[in-house]
Amino acid sequence: MRIDIVTCLPQLLESFFAASILKRAQDKGLVEVHLHDLRNYTTYKHKQVDDYAFGGGAGMVLMIEPIVRCLRALQAERTYDELIYLTPDGEKLSQRAVNTLSLKQNLLLLCGHYKGVDERVREHFITREISIGDYVLSGGELAAAVVADAVIRLVPGVLSDETSALTDSFQDDLLAPPVYTRPADYEGMKVPDVLLSGHEANINKWRYDQALERTRQRRPDLLGE
Ligand code: 6GU
């Protein structure tokens, strides 16, 4: 899988993709993440990429020209399965959407900033618009990082134990059950006996019951209740 991220603040994302699971996934050759600085695609003076909104009002708008120059340069090299614009008025990100995206070959993520991008970019170039929740960020970069992280960890081979993604919260519309590790007794705070029993069927049943109970208590909406 290859993910191209178009942004006017690549510095914000560099360290994120240079660490941990995301770095390992790239080192193993399972995914490629490429950051593209919009300022390298502008023909305006002083590397300008944004301008005042027609009609007035506060806030700058990313101009269509540098964005389209960048998108066209990338599209000349490969075909993208989706050109995604990160925006608070997009479809809210879900594990279902993440699962779908993880099956794609080439994804492009466009980060807006300031007041957003010129609407013509959205109308004519973008194929999908995603929000990461009902709150406002100062730009799409963190949202792009969230989407990329959620997608990349599902690419086969990225997680060391491939089954572990299957037991994530949300993967079966249930929250994950509690987990414990050593010591079995910490100052009288004990790990449930069943987890120390070695009885796999009982352990699985306990985990399922706990997941269900936790979901009932915290997120009854996931159970349609
Ligand atoms: Cl994708 N962008 C911004 N700026 N704010 C957000 C968001 C995206 N998703 C939730 N809030």
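**Ligand contacts.** I began with the ligand in this predicted model, and found one of its nitrogen atoms 2.5 Å from a polar backbone atom of Tyr-135. I then looked up Ile-132, where a polar backbone atom lies 3.0 Å from a nitrogen atom of the ligand, and Ser-131, where an N or O atom of the side chain is 3.3 Å from a ligand nitrogen. For the cover, I noted that the ligand on its own has 290 Å² of accessible area, of which the protein covers 96%.

**The shell.** I asked which elements give two or more residues to the shell around the ligand, and they turned out to be strand E5 (82-92) and strand E7 (128-131). Of the elements, E5 gives the most, with three residues. I listed the surrounding residues as Leu-86, Thr-87, Pro-88, Ile-130, Ser-131, Ile-132, Gly-133, Tyr-135, Leu-137, Gly-139 and Ala-143. When I sorted the shell by character, I counted seven nonpolar residues and four polar ones, with no charged residue.

**Helix H8.** I turned next to helix H8, residues 200-218, and checked its length against its residue count. Its 19 residues should span 27 Å at 1.5 Å a residue, and because the end C-alpha atoms are 27 Å apart, the two values agree. I also wanted to know which residues of H8 are buried, and I wrote down Ile-203, Trp-206, Ala-211, Leu-212 and Thr-215. Looking for what covers these buried residues of H8, I found that helix H7 (193-196) is included in the cover.

How values were computed: Residues are numbered from 1 along each chain as its sequence is written. This is a predicted model: local features need pLDDT of at least 70, side-chain atom pairs count only at pLDDT 80 or more; totals for chains, interfaces and linings use all residues. Side-chain values use heavy atoms; hydrogens and water are left out. A residue is near a molecule or strand if one of its heavy atoms lies within 4 Å of it. A polar contact is a pair of N or O atoms within 3.5 Å; within protein, one must be able to donate a hydrogen and the other to accept it, and residues adjacent in sequence count only if both atoms are side-chain atoms. Accessible areas come from the Shrake-Rupley method with a 1.4 Å probe; for residues, only the protein chains shown count as cover. Helices (H or I, at least four residues) and strands (E, at least two) are DSSP runs, numbered from the N terminus. Ala, Val, Leu, Ile, Met, Phe, Trp, Tyr, Cys and Pro count as nonpolar, Asp, Glu, Lys and Arg as charged, and the others, Gly among them, as polar. The expected span of a helix is 1.5 Å times one less than its number of residues. Buried means under 20% relative accessible area, exposed over 50%, partly exposed in between (1.4 Å probe, protein chains only). Contact means heavy atoms within 4.5 Å.
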